[in-house]
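User: I would like to go through this structure by question and answer. Please keep each reply brief and close it on the value or name requested.

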Amino acid sequence: MAFEPPRRLVRALGETAPDGDDWLERLPEAAERAVRARDLTVERVQVPGGRSSLVVLVRRADGTPAVLKLAPRRARPESERAALAHWGGRGAVQLAEDADTTEGVLLLERLHPDVSVRSLPESKALLEAAGALRRLWVQPPADHPFETVAQRTGRQAEAMRAGAVADPEVAPLVDAALGVRGELLARAPEERLLHGTFRQSKVLAGDRMPWLAVGPDPVVGESAFDLARLVRDRVEDLVAQPSGASTTRRRIKRLAESLEVDQERLRGWTLFRAVESGVRARRVGREQDAELLLEFAGWL
């Protein structure tokens, strides 16, 4: 079978490696090697798939359905494997083998890849997603290998400052986001293992449990940082509403109360993450996404 990467993956990797990357060139051979080594039968490549990995629906030698996932090193597949192993299937997809990620390969249990929590009505989707997220917030392992929120947002802050210099129009929002980041990190209340890139589309229907999280980019820090990305889900719908700003404030209040997270800390991390994403979208030419995100951030 030809392992042709979906267009969304090619486009996303082009944004993160604008100077070129040979991972895509080596991908078909790596996928063939991974399939042979595990005696897998390929059903199909998942389309549109993810933005950082190739996802292939397969069956194991005994007929059990599974998912083969291949990701470049910069997507930190070894960190994903470590987080999934630590969760052990509690709230997240399970590892189907205890192998290393030398080639960025993960074999996972098969969920229902075309049924995400995003398919539910908005209010129910938020509640179900929040419930799935709560189960992931556990103590990280001792001497954990994961990046911290301070480290990740520190890297992002540098890029945001550069973006503000290149585009003075976003400078006030960047200043506000960086200011609130400093305040939040100065008095972080807890340290939990977080999903890192959680949103409704990252929660898929399963057989073992109704909803399970997939695709973590794990990080260690406070719960509000993780929940902040969920606040802006369906941002295009929020911005299209005349009441978008008030709806966003109600969403922050509702999510904070349901997950026992400090409301102001959730608002602060929502601001930082929206500005960071907006500046990054503008930097790589996704102007429509940038406008939506920066307008949303202005409400906060």
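User: In β3, which residue is the bridge partner of V56?

Analyst: The model is a predicted one. Six bridges join β2 to strand β3 (residues 65-70), and these strands run antiparallel. Within that pairing, the partner of V56 in β3 is L68.

User: And in β2, which residue is the bridge partner of V45?

Analyst: Strand β1 (residues 41-45) pairs with β2 in the antiparallel sense over four bridges. V56, which bridges to L68 in β3, also serves here: the β2 partner of V45 is V56.

User: How many of the six residues of strand β2 are buried?

Analyst: Strand β2 spans residues 54-59. It pairs with β1 over four bridges and is joined to β3 by six. The strand is mostly covered, and the number of its buried residues is five.

User: Which residue takes a positive phi in the hairpin of β2 and β3?

Analyst: The hairpin has five residues between the strands. A positive phi near 90° occurs there, and the residue that takes it is G63.

User: Where is the cis peptide bond that involves P48?

Analyst: P48 is placed in the loop between β1 and β2. The omega angle of the bond is near 5°, and the cis bond runs from V47 to P48.

User: Is L40 buried or exposed?

Analyst: L40 lies in the loop between α2 and β1. Residues further than four places away in sequence that it touches are A34, V35, V58, R59, R60, L68 and L107. Buried means under 20% relative accessible area. The relative accessible area of L40 is 9%, so L40 is buried.

User: What distance separates the C-alpha atoms of L40 and A125?

Analyst: Along the chain, L40 and A125 are 85 residues apart. In space, their C-alpha atoms are separated by 34 Å.

User: What is the phi of D39?

Analyst: D39 lies in the loop between α2 and β1, where L40 is also found. Although D39 is not a glycine, its phi is positive, at about 55°.

User: Which helix gives the largest share of the lining of the second largest pocket?

Analyst: About 170 Å³ of space lies in this pocket. Of the 13 residues that line it, the closest to its centre are W23, R26, A30, R33 and E103. Six lining residues come from one helix, residues 23-38, and this largest share belongs to α2.

User: Why does H195 count as buried?

Analyst: H195 sits in the loop between β7 (192-194) and β8 (203-205). Beyond four places in sequence, its contacts include W87, L133, L136, K202 and D226. The threshold for buried is under 20% relative accessible area. H195 counts as buried because its relative accessible area is 1%.

User: Which residue has its backbone oxygen 2.8 Å from a polar atom of the H195 side chain?

Analyst: The H195 side chain also reaches the backbone nitrogen of F198, at 3.3 Å. The contacts of H195 include A213, V214, G215, P216, D217 and P218. The backbone oxygen at 2.8 Å belongs to V214.

User: How many residues of helix α7 are buried?

Analyst: Helix α7 covers residues 223-231 and is mostly covered. Its buried residues include the polar or charged S223, D226 and R229 as well as F225 and L230. D226 is also a contact of H195. Of the nine residues of α7, the number buried is nine.

User: Is R234 buried or exposed?

Analyst: R234 is found in the loop between α7 and α8 (235-240). It has a positive phi of about 60° although it is not a glycine. Its relative accessibility is 13%, so R234 counts as buried.

User: How many residues does the largest nonpolar core have?

Analyst: In soluble globular proteins, nonpolar side chains tend to be buried together. Residues with the most contacts inside this core are V174, L227, L230, L255, L266, W269 and V275. L266, for its part, is in contact with residues including A224, L227, A228, V231 and L255. A second, separate core of 19 residues includes F3, L27, V58 and V105, while the residue count of the largest core is 71.

User: What is the relative accessible area of T248?

Analyst: T248 is placed in helix α9 (residues 244-258). Apart from residues up to four places away in sequence, it touches V231, L238, F296, W299 and L300. T248 is buried, and its relative accessible area is 1%.

Terms used
Residues are numbered from 1 along each chain as its sequence is written. This is a predicted model: local features need pLDDT of at least 70, side-chain atom pairs count only at pLDDT 80 or more; totals for chains, interfaces and linings use all residues. Side-chain values use heavy atoms; hydrogens and water are left out. Helices (H or I, at least four residues) and strands (E, at least two) are DSSP runs, numbered from the N terminus. Buried means under 20% relative accessible area, exposed over 50%, partly exposed in between (1.4 Å probe, protein chains only). A polar contact is a pair of N or O atoms within 3.5 Å; within protein, one must be able to donate a hydrogen and the other to accept it, and residues adjacent in sequence count only if both atoms are side-chain atoms. Contact means heavy atoms within 4.5 Å. A nonpolar core is a set of buried Ala, Val, Leu, Ile, Met, Phe, Trp, Tyr and Cys residues joined through side-chain atoms within 4.5 Å. Two strands pair if DSSP finds at least two bridges between them. On a 1 Å grid over the protein atoms alone, a cavity is a set of points where a 1.4 Å probe fits but cannot get out, and a pocket is an open set with protein on both sides within 12 Å along at least five of seven lines; lining residues have an atom within 4 Å of a point. Grid points are joined across faces, edges and corners, and a volume is the space filled by probe spheres set on the points.
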